[in-house]
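This note is addressed to a colleague who has not yet worked with the structure shown below. The numbered points may be read alongside the sequence and the model.

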Amino acid sequence: MKENKTLSVKNIAIIGVMTAITCILGPLSIQIGVVPISFTNLAIYLGLYILGVKKGTISYLVYLLLGLVGVPVFSAFSAGPQKLFGPTGGYLIGFIAMALIAGIFIEKSGRKFVLSMVGMILGTVVCYGFGTAWLAYQGHMTFWEALLAGVIPFVWADAIKIAIAAIAGPRLRKALKKL
C-alpha cells in the first residue's frame, strides 16, 4: 500500500492539538537559576508517541515559531527572538534534535519501553550539549560552569519526565487510536 505523503485534515488537527498542549505546558516552569525546569520536553516526548517522529517534530517547530513571533509560550510565559537567541535558546533549539533522535527510537523500536527510554535519554543528552554550548557562549561561562548551571540541576527532573512519557505515551497512543 502506498503511503500518503500529504497531511490529512485529521493529522493537521492532531498536530495542532499537540502544539497547543506544548503551548500550555511550555510556559509552566520552575525557575532555578539561569535555566528553568520546563515541561516542554515532556510535551515533546508525549507528542512523539502520539504523532511519530515527523509530525511530532513539526508540532514542536510550530510551537517554536509561535514563540519566536511573540506568543508567550516559552518558559515563564516568555517569547520572542531575545528568548530564542538568548542564553537558554540553545535548549530550545536542542529540543529539535531531541525530538528527532527520541522520535526515531520510539518509532523504530515499536515503542518498546527500554529502547524508547534509550532514545529519550540520548536525545536529551544531545539537547543538553546544544544548550550547554550556547549557554556557555551567551553567558560568557566556561563549558563546565554552563553544565553546572544548565544540566546538573535538571537531570533528576528530566529523568522523571522521561519515565512519565515512557509509561503514559503508549497508553495515550492506544487510547487515541480508538477515536
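1. Strand pairing. The model is predicted. In it, strand 1 (residues 29–32) and strand 2 (residues 35–38) run antiparallel and are joined by four bridges. Ile30 has Ile37 of strand 2 as its bridge partner, and Ser29 stands opposite Ser38 in strand 2.

2. The turn of the hairpin. Two residues lie between the strands of the hairpin formed by strand 1 and strand 2. Within this hairpin, Gly33 adopts a positive phi near 85°.

3. Length of helix 1. Helix 1 (residues 9–25) comprises 17 residues, and at 1.5 Å a residue the expected span is 24 Å. The C-alpha atoms at its ends are 24 Å apart, so the model agrees with the expectation.

4. The two sides of helix 1. Which residues of helix 1 are buried? They are Ile15, Met18, Thr19, Thr22 and Cys23. Because these residues cover an arc of only 145° around the axis, they are on the same side of helix 1. The face turned away from this buried side carries Val9, Lys10 and Ile24, which are exposed. The packing partner of the buried residues of helix 1 is helix 2 (40–68).

5. Thr19 in detail. Thr19 is a residue of helix 1. Its relative accessible area is 5%, and Thr19 is therefore classed as buried, the cut-off being under 20%. Apart from neighbours within four places in sequence, Thr19 is in contact with Ser59, Val62, Tyr63 and Leu66.

6. Ile21 in detail. Is Ile21, also placed in helix 1, buried or partly exposed? Ile21 has a relative accessible area of 34% and is therefore partly exposed, as this value falls between the cut-offs of 20% and 50%. In sequence, Ile21 and Phe77 are 56 residues apart; in space, their C-alpha atoms are 14 Å apart.

7. Helix 5. With 26 residues, helix 5 (113–138) reaches 37 Å from its first C-alpha to its last, which is close to the 38 Å expected at 1.5 Å a residue. Its buried residues include Ser116, Met117, Gly119, Met120 and Gly123, and further along Thr124, Cys127, Tyr128 and Gly131 are also among them. The list of buried residues in helix 5 also includes Thr132, Leu135 and Ala136.

8. Surroundings of helix 5. What do the buried residues of helix 5 pack against? Their partners are strand 2, helix 2, helix 4, helix 6 (143–150) and helix 7. After helix 5 comes His140, which has a positive phi near 55°.

9. Internal space. Rolling a probe the size of a water molecule over the atoms shows where empty space is left. How many cavities of 30 Å³ or more does the structure hold? There are two, and the largest cavity contains about 290 Å³ of space. This cavity is lined by 23 residues, of which Val35, Pro36, Ser38, Tyr91 and Phe95 are the closest to its centre.

10. Elements around the largest cavity. At least two residues of the lining come from each of strand 2, helix 2, helix 4 (89–108), helix 5 and helix 7 (155–177). Ser38, which is among the residues closest to the centre of the largest cavity, is also the residue that Ser29 stands opposite in strand 2.

Methods
Residues are numbered from 1 along each chain as its sequence is written. This is a predicted model: local features need pLDDT of at least 70, side-chain atom pairs count only at pLDDT 80 or more; totals for chains, interfaces and linings use all residues. Side-chain values use heavy atoms; hydrogens and water are left out. The expected span of a helix is 1.5 Å times one less than its number of residues. Buried means under 20% relative accessible area, exposed over 50%, partly exposed in between (1.4 Å probe, protein chains only). The arc is that of the directions from the helix axis to the C-beta atoms. Contact means heavy atoms within 4.5 Å. Two strands pair if DSSP finds at least two bridges between them. On a 1 Å grid over the protein atoms alone, a cavity is a set of points where a 1.4 Å probe fits but cannot get out, and a pocket is an open set with protein on both sides within 12 Å along at least five of seven lines; lining residues have an atom within 4 Å of a point. Grid points are joined across faces, edges and corners, and a volume is the space filled by probe spheres set on the points.
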